[in-house]
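Subject: Structure handover and findings

Hello,

Here is the structure I promised to pass on. Please open it alongside this email; my notes follow below.

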Amino acid sequence: MPDQQAYDASIVDPARIRSYARKIAGQVQGRRPTVTHQYRGIVTRGWIISNYREEGARDSGRFSSWESGHLFFLREDGELMRGQYQVTTDRYDDACDPLRTPDCFELEFLADSDMTWLDRPPADLHYRKVRSSSGEREEMRAKYYLKVHAKGVGLSVALKRLT
């Protein structure tokens, strides 16, 4: 388990991470297929760095579900992007997948303050049954644990996985 005090004392270097992202984009260009994300007519091509679910619910009475999470994306030009999504489906057994419904969220440039998001990715997804007016519902919440020794390392490791 990483040391929380050492992590807190570390300083994220956004310029270094952005430079590394451009380097990785250059390395994987032409070697790895790109993903196309489209939102309101804006098309973005690149690679998914990380996609994780944060919370959600499945309602058996209405046969619907919803899920929210974050998608981290590396554009072909090396720019880092992040999108926060919430997807709702009409059938109980449908998986909420932001990649199958790309018009459900917008990608935005990754802010310097967001470069530590992947240092504490959701480690466990916990479901619990809850009674609702429409029947029984399962709610899901993620638990987060520090996975790296210094700020920004989670994003760097996720970028390295693309190569």
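Which residue forms a salt bridge with R82? The partner is D114, and the closest N and O atoms of the two are 3.3 Å apart. R82 is in strand β4 (residues 80-89) and D114 is in the loop between β5 and β6, so the salt bridge ties together parts 32 residues apart in sequence. Both partners are buried. Please keep in mind that this is a predicted model.

**Salt bridges**

There are three salt bridges in the structure. Another one joins D112 to R18, with 2.8 Å between the closest N and O atoms. This pair also links distant parts of the chain: R18 sits in helix α2, D112 in the loop between β5 (108-109) and β6 (122-132), and 94 residues separate them. D112 is partly exposed, because its relative accessible area of 42% falls between the 20% and 50% cut-offs.

D77 and R75 form a salt bridge too, and here the closest N and O atoms are 2.5 Å apart. D77 has a relative accessible area of 45%, so it is partly exposed. R75 is at 21% and therefore counts as partly exposed as well. For background, side chains of opposite charge can pair when their charged atoms come close.

**Around W117**

The structure has one aromatic pair. The rings are those of F72 and W117; their centres are 6.3 Å apart and their planes meet at 55°, so the pair is tilted. F72 belongs to strand β3 (residues 64-75), while W117 is in the loop between β5 and β6, 45 residues away in sequence. F72 is buried, with a relative accessible area of 2%. W117 counts as partly exposed, at 25%.

R82 turns up again here. It lies over the face of W117, 4.8 Å from the ring centre. R82 thus has two entries in these notes: the salt bridge with D114 and the place over the W117 ring.

**R40**

R40 is not a glycine, yet its phi is positive, at about 50°. Most residues other than glycine have a negative phi. R40 is located in the loop between β1 (35-39) and β2 (42-59). Its relative accessible area is 71%, so R40 is exposed.

**T44**

Strand β2 contains T44. Is T44 buried or exposed? It counts as buried, because its relative accessibility of 10% is under the 20% cut-off. Setting aside residues up to four places away in sequence, T44 touches V35, T36, H37, F73, R75 and L107. R75 in that list is also the salt-bridge partner of D77.

**V12**

V12 is in the loop between α1 (4-9) and α2 (14-28). It is partly exposed, at 22% relative accessible area. Beyond its neighbours within four places in sequence, V12 contacts I17, M115, K151 and G152. V12 and S113 are 101 residues apart in sequence, but their C-alpha atoms are 9.0 Å apart in space.

**Helix α3**

How many of the eight residues of helix α3 are buried? Six are, so the helix (residues 153-160) is mostly covered. The buried residues are V153, G154, L155, S156, A158 and L159.

Best wishes

Terms used. Residues are numbered from 1 along each chain as its sequence is written. This is a predicted model: local features need pLDDT of at least 70, side-chain atom pairs count only at pLDDT 80 or more; totals for chains, interfaces and linings use all residues. Side-chain values use heavy atoms; hydrogens and water are left out. Helices (H or I, at least four residues) and strands (E, at least two) are DSSP runs, numbered from the N terminus. Buried means under 20% relative accessible area, exposed over 50%, partly exposed in between (1.4 Å probe, protein chains only). Contact means heavy atoms within 4.5 Å. A salt bridge is a side-chain nitrogen of Lys or Arg within 4 Å of a carboxyl oxygen of Asp or Glu. Rings of Phe, Tyr and Trp (its six-membered ring) pair if their centres lie within 6.5 Å; planes under 30 degrees apart count as stacked, over 60 as edge-to-face and the rest as tilted. A charge sits over a ring if NZ of Lys or CZ of Arg is within 6 Å of the ring centre and within 35 degrees of the ring normal.
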